[in-house]
Amino acid sequence: MQFDGRALIDGHRREAQGGATFSCISPIDGRVLTEVARCQLADIDAAVASGRAAFEDKRWSGLAPAARKRVMIKFADQLLAHADELAMMETLDMGKPIKYSRAVDVNSAANCIRWYGEAVDKIYDEIAPTASTALALITREPMGVVGVIVPWNYPMIMAAWKIAPALAAGNSVVLKPSEKSPLTALRLAELALEAGIPPGVFNVVPGYGPEAGSPLALHMDVDCIGFTGSTRVGKQIHVMAGQSNLKRAWTELGGKSPNIVFADCPDLDKAVEAAVGSIFFNQGESCNAPSRLFVEASIQEQFLERAVALAPQYLPANPLDPATIMGAIVDKTQMDTVLRYVESGKTEGASLLYGGEQALTQTGGCYVQPTIFAGVQPQMKICCEEIFGPVLSVMSFTDAAEVVRQANASVYGLQAAVWTRDINKAHGIARALRAGTVHVNSYDEDDITVPFGGFKQSGVGRDKSLHAFDKYTETKTTWIRIDSPV
């Protein structure tokens, strides 16, 4: 399989202007997949200028919403037509199992692009209730040039969540993918061109954060920046947005999501499967992973027995094997971070029930066993800090008010869950949890129709649903005086 690591600017593949590249290394076995353009300030300037020119001459923004819709639908169709290629690219690039790259990532990205394409000609503007002497129009307009910076854990999906509403609304986009997983983003831009999105409207500039991401966030001709990644970097994005042109900044950041299981949960086996499956899915590299599990004391023993019994199903294996359900950690840096947290849990006195070791060392890849800790205390690092790996921290509780207090005792507020058959308890606790999404008797079963984002330091703004259009449009009031002769 051949890969093209050059940037895509103004409809053309380009080397970085400085000629620099970096190696794209597969975490599956350590092989170098290709060399990728190491874009820097000059490349960002070129991409933004291309996007600005496309926006100003209205080659995309000037189309009727129905016309943009038709192109967006073709764009989604292109993803499905190249699904096997994109899935293989995603798996080789960042290590997730091929079965999920194909069934989840490609399909979800295509569905997202199609959904926003279908939605854009069904959103109406408003007329305010005025006196008869006026007509007040409230309209949405595209912002202009939107910068997008996405992470490495779901490269296609995270890109689609941002580029789809931004493009559908009529903006130009400059996308900076993670240097750890740049390949599918570059291919998406080619497929967009083939679908009919004009040159200059969608540009992709791979590179490192300080060299490409920061210039994009600081750029004086970027109107809006959308970022998904760590809270540490997200804070810097907001600072850079303010230091430059006060561009709109939208961030989807970290999480340490609590999953609360009461003794009266309607199906204990389902609760166990969801708790284990959700933390180990995507190797635990999910911002909304339920990494803090609170189990009512009276059922904790049987819950843990069943959880530990399920864990071997998630032992990592070759991501290219269709039977594999847990693959490789994205790179050695992240693998070492996960293993340091595991050692911290042991040192601080948590009880290691399963896993906790590097796996498949003979492959040259980056693999970590699914790991379960019990006896975790609130002050432990594995309870407080986002690990971004397959590590589950289990705590027990006896009081509903106290478990809500512990669940909310986090700088994050991205997602949460509560398991109970008591409708009053379910509603009351769901309302009390400080999180952008709360699941009841399930985990992570939502879809594109609902917003996704967090409270507190989990970010600003919402991806998905019609609410995402709010991020990439400006609201304009036009007040028209009417002096009627009749």
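This passage describes the pockets, a surface patch, the salt bridges and some backbone features of a predicted model.

The structure is a predicted model, in which local features need pLDDT of at least 70 and side-chain atom pairs count only at pLDDT 80 or more, whereas totals for chains, interfaces and linings use all residues. Residues are numbered from 1 along each chain as its sequence is written, and side-chain values use heavy atoms, with hydrogens and water left out.

Rolling a probe the size of a water molecule over the atoms shows where empty space is left. A pocket is here an open set of points, on a 1 Å grid over the protein atoms alone, where a 1.4 Å probe fits and which has protein on both sides within 12 Å along at least five of seven lines; its lining residues have an atom within 4 Å of a point. Grid points are joined across faces, edges and corners, and the volume is the space filled by probe spheres set on the points. The largest pocket has a volume of about 1000 Å³ and a lining of 36 residues, of which W152, G229, S230, R232 and V233 lie nearest its centre. Helices (DSSP runs of H or I, at least four residues) and strands (runs of E, at least two) are numbered from the N terminus, and on this scheme α7 (209-218), β10 (224-228), α8 (231-243) and α11 (332-347) each supply at least two residues of this lining. The most is given by α8, with 6 residues. When Ala, Val, Leu, Ile, Met, Phe, Trp, Tyr, Cys and Pro count as nonpolar, Asp, Glu, Lys and Arg as charged, and the others, Gly among them, as polar, the lining of the largest pocket divides into 16 nonpolar, 13 polar and 7 charged residues.

The second largest pocket has a volume of about 750 Å³, and of the 30 residues that line this pocket, V104, F281, N288, D444 and D446 lie nearest its centre. At least two lining residues come from each of α4 (98-119), α5 (155-168) and α9 (268-280), with α9 giving the most, 5 residues. By class, the lining of the second largest pocket comprises 14 nonpolar, 8 polar and 8 charged residues.

Side chains of opposite charge can pair when their charged atoms come close. With a salt bridge taken as a side-chain nitrogen of Lys or Arg within 4 Å of a carboxyl oxygen of Asp or Glu, a search of the whole structure finds 33 salt bridges. In one of them D105 pairs with K96, the closest N and O atoms being 2.5 Å apart. Relative accessible area, obtained by the Shrake-Rupley method with a 1.4 Å probe and only the protein chains shown as cover, classes a residue as buried under 20%, exposed over 50% and partly exposed in between; D105, at 0%, is accordingly buried, as is K96 at 1%. A further salt bridge joins the side chains of D264 and K425 (3.4 Å, N to O). Because D264 lies in the loop between β12 (258-261) and α9 and K425 in helix α14 (residues 423-432), this pair ties together parts that are 161 residues apart in sequence. K425 is partly exposed, at 23% relative accessibility.

Within helix α13 (residues 400-408), R405 and E402 are 3 residues apart and are therefore separated by about one helical turn; these two residues form a salt bridge with closest N and O atoms 2.7 Å apart. E402 is partly exposed, with a relative accessibility of 30%. In addition, D4, R6, R13, E85, R187, E190 and E194 are linked in a network of salt bridges.

Most residues other than glycine have a negative phi, and most peptide bonds are trans. L246, although not a glycine, has a positive phi of about 55°; L246 is found in the loop between α8 and β11 (248-252) and is exposed, with a relative accessible area of 62%. K464, also not a glycine, has a positive phi of about 65° and is found in the loop between β23 (459-460) and β24 (473-481), where K464 counts as buried at 4% relative accessibility.

Buried as well, at 0% relative accessibility, is P182, which is found in the loop between β8 (172-176) and α6 (183-195). P182 and V150 are 32 residues apart in sequence, and their C-alpha atoms are 9.7 Å apart in space.

On the surface, I127, L135, I480 and I482 form a nonpolar patch with about 310 Å² of accessible area together. Patches are made of residues with over 30% relative accessible area and no salt bridge, like charges being joined within 9 Å and nonpolar side chains (Val, Leu, Ile, Met, Phe, Trp, Tyr) within 5 Å. Of the patch residues, L135 has its place in strand β6 (residues 134-142).

Notes. Buried means under 20% relative accessible area, exposed over 50%, partly exposed in between (1.4 Å probe, protein chains only).
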